Amino acid sequence: MALLHPALRAGMTLLPSDRPLTLLTRHSVRELAANGVATYDLPLTPEGIVLAEQWGGQLGLPLHAFYSSPVGRCMETARAMARGAGREFEVQMSMTLVEPGCFVHGIFEVGPLFLKLGPLAFANRHFQEPMPGILSPAAGVAKIVRHLQQSQGDSGSLTVHVTHDTILAAFIYHLQGQSGISEEDWPWMMEGAWLWFDEADQLHWVWRAQPGRQSLATLLAVD
């Protein structure tokens, strides 16, 4: 478990016991990209499969469901986490957890710029200015929040959503009100954000053991 972000388990101490819980996580350790761009065909490494299984076995919460990007390494991560927890789940694919789908709606417009800039520089451009073919951070976050709301289980249960670094970074750092991020901010493989909704219609999150919250009315008030 040395590859797991050290703050991920620490964040669990801040979770309520009386609300449905969500973990929005990046997939586990994958094979390296030959040219620096992670294409959809890159699978998990054997080490990545073991990490997902071990982490699934340590969640210690009743599991409600697994949702995943349809990309193979995300589906592999969800299945391995469920195996590690000793549960049988049919992983539900969601286009909200992949691109194009969540933020991107025009892949032919966005793709060349992404390849030119790379993930980190592209994410910073996304935070700072409108771009053709991609929703604003606010609009994309609202889309994810609605998806998370609709997939909750019972109080005290955990729903896991497996996605990609670009989506998780745009989501969590927009929630935190950041207009730029560094290499140190970038989500680790198998790193995730803990989330829940309260009775006052607020979204709460814990990222790297730091809590935050925002009004749902504010988050969903997107044209």
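**Two buried cysteines and a helix pair**

Cys102 counts as buried here, since its relative accessibility is 0%. Keep in mind that you're looking at a predicted model. Below is a quick tour of two topics: the cysteines, and how helices H4 and H5 pack at an angle of about 125°.

**Cysteines**

- How many disulfides does a search of the whole structure find? The search turns up zero.
- Cys74 is in no disulfide, and the nearest cysteine sulfur to it, that of Cys102, sits 13 Å away.
- Looking from the other side, Cys102 is in no disulfide either, with the sulfur of Cys74 as its nearest cysteine sulfur at 13 Å.
- A pair of cysteine sulfurs has to be within 2.5 Å to count as a disulfide, so the 13 Å between Cys74 and Cys102 rules that pair out.
- Is Cys74 buried or exposed? Cys74 is buried, because its relative accessible area is 0%.

**Helices H4 and H5**

- H4 covers residues 107-117 and H5 covers residues 119-128.
- The axes of these two helices lie 6 Å apart, at an angle of about 125°.
- With that angle, H4 is oblique to H5.
- As for handedness, H4 passes H5 in a right-handed crossing.
- Which residues meet where the helices touch? From H4 come Val110, Leu113, Phe114 and Leu117, while H5 brings Pro119, Ala121, Phe122 and Arg125.
- Sorted by class, that contact has seven nonpolar residues, one charged residue and no polar ones.

Technical notes:
Residues are numbered from 1 along each chain as its sequence is written. This is a predicted model: local features need pLDDT of at least 70, side-chain atom pairs count only at pLDDT 80 or more; totals for chains, interfaces and linings use all residues. Side-chain values use heavy atoms; hydrogens and water are left out. Buried means under 20% relative accessible area, exposed over 50%, partly exposed in between (1.4 Å probe, protein chains only). Axes are lines fitted to C-alpha atoms, for helices over the stretch in contact, and angles run from 0 to 180 degrees between N-to-C directions. Helices (H or I, at least four residues) and strands (E, at least two) are DSSP runs, numbered from the N terminus. Angles under 35 degrees count as roughly parallel, over 145 as roughly antiparallel, 65 to 115 as roughly perpendicular and the rest as oblique. A crossing is left-handed if the near helix is turned anticlockwise from the far one by less than a right angle, and right-handed if clockwise. Contact means heavy atoms within 4.5 Å. Ala, Val, Leu, Ile, Met, Phe, Trp, Tyr, Cys and Pro count as nonpolar, Asp, Glu, Lys and Arg as charged, and the others, Gly among them, as polar.
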